[in-house]
Each structure stands twice: as structure tokens, then as C-alpha cells.
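Q: Please take a close look at one helix in this structure and say which of its residues are covered. Then go on, in one connected account, to other places that can be described in the same plain terms.

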Amino acid sequence: MDTLDNKLNEVFQGKVVRKDLVHQIKKAANVPSFVLEFLLSKYCASNDPQEIEYGKRAVLEVVENNYVRPDEANKAQSKVHQSGSHKFIDKVHVKYMEKEKKHWAEMENFNSKRIQINEKYYSENEKLLESGMWAEITIGHNDLNDENYAFYVQDLKPIQLSKFKIEDYYKGRAQFTSDEWLNVMLRSVGLNPDIMDNPPSEIKSKFPTGTRLKMHFLARLIPLVQSNFNYIELGPRGTGKSYFYSEFSPYSTLLSGGQASTATLLYNNARQKVGAVGFWDIVAFDEVGNMKIKDTDTIQIMKDYMANGRFSRGREIIANASFAFVGNIDYSIQQLVDSYENDLFITLPKAFDLAIQDRFFFFLPGWEIPKMDNKFFTQSFGLITDYMAEAFHYMFKHNSDFIEIVNRKLKLGSNIQGRDEIAIKKTVTALLKILYPGVEPTDEEFNMIVEYAVEGRRRVKEQMNKRKPDDEFALIDLSYYNQSGSEIIVYCPESKNANATQNPRNDLSKNITPIEEVKQVENAVETTILSCVEIPDNSTNLIEKRIKVLYGDTGYGYESLFGAYLVGVKIVTIEDPYIRKNHQISNFLRFCELLVKVSDCLVINLTTGYDDIDQKAEIEDSFAQIADNLFEYGITFNYEFSNTLHDREIKLSNGWAIKMGRGLDYFQSLSGNYLQIGVNDMDLRPCLETSFDFYKL
């Protein structure tokens with residue numbers, strides 16, 4: 001333990017944990033970090049290496065025996081029935097049922113929503129009644145037949161904080177210097193600040209070091225402490241962009257897979273429910289360059305929400321969630337800033353027009369962050385994740401103390417326009433929350449934060465200025481006044497001397513330099529000259545063909561067989577009389593997943609059959625669930641039944657059709673064995689004999 005470790009343990013006693021142990025255990029136990037930290041603080045509260053090893057084994061054993069996995073809910077319930085009671089680790093909610101005038105507990109992975117619970121547990125732990133909380137919970141089995149519940153809570157011990165006092169957090173912060181607290185924040189998210197101060201030569205020669213590099217990492221936390229903040233980071237792969245939003249706060253959600261719809265994100269008209277913005281402090285979008293926004297209304301509603309935290313969807317919706325857009329950029333940064341034709345937003349989807357870009361408050365230069373490996377992870381103590389998350393959650397909702405400092409100290413230059421001012425003030429406020437909670441920075445420290453905030457906004461504006469043919473965004477020399485009254489113009493280091501970025505319309509006669517896309521292969525870097533960055537049109541490579549599949553053949557999963565013909569398709573019409581049994585409906589759902597993944601599908605039309613009225617009712621129930629889920633991805637699912645249909649065919653809006661000998665049900669039966677190769681990867685599942693004809697309509 002070093003001096004900072006000792007001080008951290010003294011000031012925040014019981015609220016710290018060895019972060020390297022979390023990394024070690026995390027590799028073997030896929031449970032939330034704050035759950036592991038709770039167990040580690042219980043079993044590894046020692047510096048003795050042997051005791052720590054025993055403690056690590058104990059943690060793994062507890063996770064193995066008590067953590068409920070979602071696919072083992074039935075097994076867990078049976079265990080309680082057989083033994084009478086059992087201790088679990090799970091997320092617990094308590095809901096008041098108005099009709100019954102009674103509270104019931106609900107366990108997420110245990111998959112029971114009707115567990116009897118004593119009032120003392122939710123009176124002492126208010127979060128059970130709000131967003132729920134992780135706990136060690138002992139469940140007993142109710143053997144009385146005349147009572148309408150099977151399980152009851154025998155004991156409950158919170159794993160997350162049941163109560164939080166911001167005053168204690170502020171008092172603790174006041175006992176650290178600014179440099180110490182900066183390092184505490186980094187250690188608390190699992191990073192090693194020492195490597196940033198004294199990096200190896202291969203990092204020092206290519207990346208910034210010291211405070212600037214530390215600020216880049218901490219900037220990723222801005223959307224976690226500042227409501228209605230719009231953040232963007234573009235950079236190479238492997239720098240930990242998305243990891244910050246998936247691990248460090250129970251109030252954060254990461255949307256992966258590139259899908260965004262009005263229903264899932266903002267408001268579901270069919271269900272009359274607010275989307276993700278109403279339930280999280282931050283909604284992060286992974287791989288923003290691959291985002292598919294099918295509903296044209298989504299972008300317009302996003303613009304309204306990103307501008308003022310509200311939008312209209314039949315009624316006015318107000319929410320506080322921040323947006324974080326993170327993605328990769330595989331091009332030479334120097335060539336982009338020196339290009340008159342391209343800019344640093346080159347990888348954003350086309351739907352992200354200037355209006356969306358203007359709503360970005362801060363653009364983090366992810367290319368200045370090195371790839372993460374073991375040397376970047378700390379072996380020291382840091383604040384328990386859940387404790388820090390609660391502090392951030394509180395500050396997310398409270399701004400007054402920090403805004404008072406900003407309004408008193410901040411004076412911006414004349415080139416700062418309306419959205420610039422909002423962006424800079426929000427960024428400065430957020431950085432004060434992270435670095436100076438409960439204390440006031442010196443003038444020098446405040447100026448450092450302001451310069452960093454102005455730079456992040458200028459980077460946004462420079463890209464818009466390159467894209468706009470007139471001078472609407474030409475005032476890129478953003479500035480502030482220091483305490484002596486001197487005006488300080490802030491530049492972005494990558495573009496300060498790049499004429500194409502500083503004066504994009506002054507020398508358009510120059511030859512256009514092609515942009516290099518950097519493809520990363522292991523440790524080497526290979527560059528390829530590209531004349532443009534358009535996604536190639538796949539449709540010209542499609543050909544009419546017949547594929548004959550023999551009995552026992554593999555390699556014919558839906559994506560391998562149909563994928564290329566579905567790219568860009570908007571309407572899919574399927575005729576298959578045998579989507580009626582459970583496994584056939586499951587196959588159809590897998591085909592729908594493929595459409596969500598590779599196409600721009602808006603409508604799926606299905607015609608199928610049924611054996612009897614009872615089966616028809618079951619099919620309709622399944623289709624209703626599929627339709628409801630597809631709606632959240634912006635896809636309308638229509639179906640009808642036909643008793644005369646025989647042929648199997650798929651017709652696509654791109655002018656192609658596929659005749660299917662056996663329809664979508666051409667795989668051999670699993671015979672009830674779901675623990676065999678081919679269950680999940682359909683390319684590995686043996687086929688029945690059939691054929692497919694691909695032809696132009």
C-alpha cells in the first residue's frame with residue numbers, strides 16, 4: 001500500500017476495495033463489478049498474500065453457489081423447494097400491488113415476481129422500492145397450500161448501498177489535494193495513474209501523458225454526472241470506450257448492435273411508455289458509425305431531445321438522460337485535418353446531419369488514448385464502484401452549487417454562440433463535479449478545466465465548419481477570459497496548424513488528397529489508399545443461382561444462405577405454410593433477427609397455416625409477442641393465415657425472390673438435445689435435403 005492507499009482507507013473506511021482483485025475475479029465470474037467488490041471487501045480485507053488467495057477462492061465459491069444465472073431460474077426455484085431455503089445473490093425489487101394492498105418482492109434472475117417480504121426490509125432499504133438493488137437474499141419455501149405464494153424472504157443483506165450521504169463524500173474529498181483526487185478517480189475506475197505520469201517510451205512518443213491523458217479518461221465520466229449532456233468520442237479500437245458505460249454505474253446502459261428506434265430510445269406509442277431516456281442517467285451508443293435509424297421520426301425527435309431534454313410524441317415527454325456516442329475511426333487523423341473534403345466526423349452515419357452534430361457538447365479525441373493492456377490497470381485501492389456511482393447519481397440531479405461557481409468565474413469570448421455557451425458551461429460544471437465536489441478550484445485549476453471544455457466544443461465546430469459551404473459555423477476561434485482579463489483562444493492540437501481545418505474555404509483549388517484508412521492487424525499497422533469512403537453497393541454482386549443442399553450438409557445457416565440478398569431490403573414478404581410449431585416459430589424469429597441485423601427492413605409480411613383452432617390461437621399469441629418486439633426496432637410485422645398455401649417463397653423489395661423447397665424449416669431435428677453443437681450456430685446444424693432458387697422478379 002502506498003501513501004494514497006493508506007489515506008483512502010482512512011478517509012473512506014469501508015468504502016474502498018483493491019481494484020486489481022476485481023479484474024482478476026472478473027475473468028472467471030461474469031457478474032457486475034459492484035457485486036464482486038462487495039464480496040471482495042468481505043473476504044479479501046487483508047494485505048496478506050495467502051489470505052488474499054483464500055479470499056479470492058471464497059468469492060468464486062460464493063458466486064458459483066449463490067449467483068443466480070437467468071437460464072438456471074427453474075433449477076434455483078427447485079433448490080429452494082427441495083432444501084427448504086437457499087441463499088442467493090440477485091437483484092431484488094419490491095412493488096406495491098394496489099389491488100391487493102400488499103407489497104411483493106421480485107427477483108430478476110430467480111424469475112419470481114411474487115415473493116412474500118417483511119416490511120422491515122423495504123423500510124430500511126428504500127432503493128428496493130425505486131430502481132431495485134442487488135442483495136444477498138435467503139429465500140424460504142412456503143409449504144402452506146392455502147396461501148397464494150411459493151417463496152418468502154427469510155433474510156436480506158444489501159450488496160449495493162442502501163443509503164447514501166453526499167455530505168460524507170464532500171467531506172472526504174476535502175481531505176485530498178487536487179492531484180490526489182484526480183488519481184483517486186482514476187484508481188476508482190480501475191486505471192493506473194502512475195503509468196500516465198511515467199509511461200514507457202512507446203507510449204510517450206505517440207500519446208499525451210500526465211494531466212492531459214488523465215483528463216481524457218475522466219472525460220468519459222462526464223455524462224454520468226451531468227444531465228442532458230451530449231458526448232461523442234471517436235478513436236481506435238481497444239481503448240476502453242464502451243467499457244466505461246457498461247461497468248461503472250447501475251444508472252448507465254449501453255446500447256450495442258447499432259440499432260436505435262423511437263420506441264426503444266424515446267417513446268413507445270403502442271405501449272404508451274417512455275423509452276430508455278426515462279429510466280437511465282445515461283444512454284450510451286456503442287459503434288455509433290454502424291447505427292441504423294430506420295424510423296425517420298427518430299432523428300427529428302432526437303434533435304428535439306438533445307436540444308432541451310424534451311420532445312413531443314402525442315404528449316410532451318421530459319427526461320434527464322444524457323447521450324454518449326462512442327465509435328471507431330480508422331483513418332489517419334493528420335490526413336483528415338489536412339483534407340478539404342473530409343473531416344473527423346467521417347465515420348458518423350449519414351443521418352447525423354449538421355443539426356445533430358451541433359448538439360454535441362464535447363468531442364473527446366479518442367486517438368490520443370493508447371490501447372488498454374495490463375499495465376494500465378491499477379493494483380491499488382479505489383472507491384467501491386457503487387459508492388462512486390451513488391455520488392455521481394446525486395450530482396447528476398443537483399447542479400446549483402457548481403453552477404454558482406461557473407457563473408461567478410467564467411467569462412467567454414465574443415465568438416461563443418448560443419449552443420457553444422451551453423456546451424462549455426455544461427462541460428465545466430461536469431468536470432467540477434468529478435474533480436472538485438464540495439471544494440472550490442483555484443483560478444489556475446478552473447482555467448485548466450475551462451480550456452479543456454472549450455477545446456472539446458471547438459473540435460465539434462471545426463468539423464461542422466468544414467461541411468457547411470457558407471460561414472454559419474465559421475466562428476471557430478472560441479475563447480475565454482482569464483482572471484487578469486486576457487482573452488485566451490483555445491485550439492485543438494491535431495488541427496492547430498492544418499489550413500484545411502482552420503480555413504476550409506480559402507484554398508479549394510488544391511488537389512484533393514485521398515484519405516488513408518488505417519487497418520489494425522495485431523501489432524502492425526497496414527494502410528490502404530482510398531479514393532472515397534462510401535459503403536460499397538452489394539447489390540451488383542448478386543446473381544441468379546440454385547443451391548442444392550444434401551442431407552447432413554452444414555454451413556447453411558440463415559445468414560450464410562440469405563444474408564447478402566437481404567442487405568438494404570425494406571419490405572420482406574414470406575410465404576411458408578409451416579411456421580406453426582414451436583421450433584418453426586423459433587426459426588422464423590431467428591430469420592427476423594437476421595433482418596434486424598443486416599437489412600433496413602421496415603415491414604415483414606408473413607402468410608402461413610395452422611392445424612386446428614387451438615394451434616391458431618397459440619400461433620397468434622406468439623406472433624403478437626414477435627410483433628411487439630419488432631416494433632421496438634422500427635419494423636411492422638403483418639401476418640395472415642391460408643389453408644390452401646403450399647409453395648414456400650421469400651420476396652424482397654430489392655427485386656429478388658427466393659424459392660425454398662422446405663421453407664425456413666430445413667434443419668434436422670435436435671431431438672430435444674439442446675446441449676449439442678449447432679443449437680446456437682445454425683451454420684453448424686445438419687440440414688435436411690432441399691434446394692433454394694434465387695432469381696430476379
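A: In helix α11, the buried residues are Gly-210, Leu-213, Lys-214, Met-215, His-216, Phe-217, Leu-218 and Ala-219. The model is a predicted one. Helix α11 spans residues 210-219 and is mostly covered, with 8 of its 10 residues buried. Buried here means under 20% relative accessible area. The list includes Lys-214 and His-216 as well as Leu-213 and Phe-217.

A second helix, α23, runs over residues 558-566. Its buried residues are Tyr-558, Leu-561, Phe-562, Gly-563, Tyr-565 and Leu-566. As background to such a list, an α-helix has 3.6 residues a turn, so residues three or four places apart point the same way. The buried residues of α23 pack against one helix, α24 (582-598), and against the strands β21 (545-549), β25 (649-652), β26 (656-660) and β27 (690-696). After α23 comes Gly-568, which has a positive phi near 80 degrees.

A single residue shows how a helix can meet another stretch of the chain. Asn-66 belongs to helix α4, which covers residues 49-66. Asn-66 counts as buried because its relative accessibility is 14%. Its C-alpha atom is 4.3 Å from that of Phe-88, although the two residues are 22 places apart along the chain. With neighbours within four places in sequence set aside, Asn-66 is in contact with His-86, Lys-87, Phe-88 and Ile-89.

Two loop residues come next. Lys-101 sits in the loop between β2 (85-97) and β3 (102-107). Its phi is near 55 degrees, which is positive in a residue other than glycine. Lys-101 is exposed, because its relative accessibility is 68%. Asn-111 is placed in the loop between β3 and β4 (112-116). Asn-111, also a residue other than glycine, has a positive phi near 65 degrees. At 53% relative accessibility, Asn-111 counts as exposed, since exposed means over 50%.

The last place is a patch on the surface. Asp-612, Asp-614, Glu-618 and Asp-621 form a negative surface patch. One of them, Asp-614, is part of helix α25 (residues 613-631). Asp-614 is exposed, with a relative accessible area of 59%.

Note on methods. Residues numbered from 1 in each chain as written. Predicted model: local features only at pLDDT ≥ 70, side-chain atom pairs only at ≥ 80, totals over all residues. Heavy atoms only, no water. Patch = residues over 30% accessible without salt bridge, like charges linked within 9 Å, V, L, I, M, F, W, Y side chains within 5 Å. Areas by Shrake-Rupley, 256 points an atom, 1.4 Å probe, with all protein chains shown as cover. Salt bridge = Lys/Arg side-chain N within 4 Å of Asp/Glu carboxyl O. Lys, Arg positive; Asp, Glu negative; His and termini not counted. Charge placed at Lys NZ, Arg CZ, Asp CG, Glu CD. Helix = DSSP H or I, 4+ residues; strand = E, 2+ residues; numbered from the N terminus. Buried < 20%, exposed > 50% of the residue type's maximum accessible area, 1.4 Å probe, protein only. Contact = heavy atoms within 4.5 Å.
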